[in-house]
Amino acid sequence: MSSDFTLESFTVETNDGIKLHTRLFKPGPNINIKDENFAIVLVHPYSVLGGSQGLLKGIASGLALNGYTAVTFDMRGVGKSTGRPSLTGFAEIKDVVSVSNWVSHSLSISKILLIGSSAGAPIAGSAVDKIEKVIGYVSIGYPFGITASILFGRHHKGILQSTKPKFFIMGTQDGFTSVKQLKNKVKSAAGRVETHLIDGVGHFQMEGPDYDAYMVDLIVKFIESL
């Protein structure tokens with residue numbers, strides 16, 4: 001199966017001198033490429049709690065098997081990336097912007113979908129309107145809840161005010177955000193907004209490898225609707 005996608009590693013430098021360990025997943029020779037001008041950049045869960053790009057390998061490889069170029073990276077202070085992680089994820093917005101701009105220039109990509117998982121969702125959401133080539137956004141378990149908002153509350157405005165299409169995926173048993181909290185937030189969002197609730201599933205369960213194929217399926221359907 002792994003022969004049906006290729007994997008390369010790169011180092012991307014941010015405008016404040018941080019070096020980010022980046023992986024590029026591309027469809028293999030036996031896979032039809034859906035759109036040569038399109039790529040997906042995935043943003044991993046909270047660095048401070050052990051989040052890394054390795055958690056997104058299943059989704060990224062699944063997207064490559066479906067004919068899409070996908071990119072993961074370790075945010076500052078994670079794995080082989082230099083620098084230090086921030087508590088609120090504001091420094092990490094620069095990481096998302098830098099990787100997305102690298103994807104655009106180095107791979108000649110004109111359209112990017114940003115995907116954020118858990119705390120990666122607010123960070124990616126804040127980057128959406130800072131990157132011209134981004135045409136849509138997917139959140140996997142955005143931590144909108146009251147406690148999580150102490151850390152990430154200032155990110156909410158960035159994605160909710162963006163007019164770019166957005167898709168929020170969440171388990172109904174998410175410990176950080178209730179269904180009611182998600183619906184209230186999404187009500188105030190600009191532009192096209194979709195949600196998908198996975199019944200009876202918790203936050204970390206949904207982020208686990210058992211749901212990778214399910215996520216890939218949802219993401220591919222969203223891409224096809226853009």
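**Helix contacts and the sheet in the predicted model**

Glu-92, Ile-93, Val-96 and Val-97 of helix 2 touch Ile-123, Ser-126 and Ala-127 of helix 3. Sorted by class, the residues in this contact of helix 2 with helix 3 come out as five nonpolar, one polar and one charged. It should be said right away that the model is predicted. Helix 2 spans residues 91-106, and its axis comes within 9 Å of that of helix 3, the two crossing at roughly 65°. The crossing of helix 2 and helix 3 is a right-handed one.

A second helix pair involves helix 1 (residues 57-65) and helix 8 (residues 212-225), which pack with their axes 9 Å apart and at an angle of about 50°. Helix 1 is therefore oblique to helix 8. The way helix 1 passes helix 8 is, once more, a right-handed crossing. On the helix 1 side, the contact is made by Gly-58, Ile-59, Gly-62 and Leu-63, while helix 8 brings in Asp-212, Met-215, Val-216, Ile-219 and Val-220. Broken down by class, this contact of helix 1 with helix 8 has six nonpolar, two polar and one charged residues.

Next comes the sheet. It is an open sheet of eight strands, with mixed pairing, and the strands run in the order 1-2-4-3-5-6-7-8. Strand 1 sits at one edge and strand 8 (193-198) at the other, each of them pairing on one side only. Going from one strand to the next, the twist averages 20°. Helix 3 (residues 120-127) packs on this sheet and touches strand 3 (38-43), strand 5 (111-117) and strand 6 (134-140). The direction of helix 3 makes about 150° with that of strand 5. Helix 3 thus turns up twice in this account, since it packs on the sheet and also meets helix 2 through Ile-123, Ser-126 and Ala-127.

At the strand 1 end of the sheet, strand 1 (residues 5-13) and strand 2 (residues 19-27) pair in the antiparallel sense, over nine bridges. Phe-5 stands opposite Pro-27 of strand 2, and Glu-13 has Lys-19, also in strand 2, as its bridge partner. Together, strand 1 and strand 2 form a hairpin, with five residues between them. One residue of the turn, Gly-17, has a positive phi of about 85°.

Two exposed residues round off the picture. Asn-30 is found in the loop between strand 2 and strand 3. With a relative accessible area of 64%, Asn-30 counts as exposed, because the cut-off for that class is over 50%. Asn-30 and Glu-224 are 194 residues apart along the chain, and their C-alpha atoms are separated by 21 Å. Lys-187, for its part, lies in helix 6 (residues 179-187). Lys-187 is exposed too, its relative accessible area being 68%. From Lys-187 to Gln-173 the spacing is 14 residues in sequence and 20 Å in space, C-alpha to C-alpha.

Methods
Residues are numbered from 1 along each chain as its sequence is written. This is a predicted model: local features need pLDDT of at least 70, side-chain atom pairs count only at pLDDT 80 or more; totals for chains, interfaces and linings use all residues. Side-chain values use heavy atoms; hydrogens and water are left out. Two strands pair if DSSP finds at least two bridges between them. Helices (H or I, at least four residues) and strands (E, at least two) are DSSP runs, numbered from the N terminus. Axes are lines fitted to C-alpha atoms, for helices over the stretch in contact, and angles run from 0 to 180 degrees between N-to-C directions. Angles under 35 degrees count as roughly parallel, over 145 as roughly antiparallel, 65 to 115 as roughly perpendicular and the rest as oblique. A crossing is left-handed if the near helix is turned anticlockwise from the far one by less than a right angle, and right-handed if clockwise. Contact means heavy atoms within 4.5 Å. Ala, Val, Leu, Ile, Met, Phe, Trp, Tyr, Cys and Pro count as nonpolar, Asp, Glu, Lys and Arg as charged, and the others, Gly among them, as polar. Buried means under 20% relative accessible area, exposed over 50%, partly exposed in between (1.4 Å probe, protein chains only).
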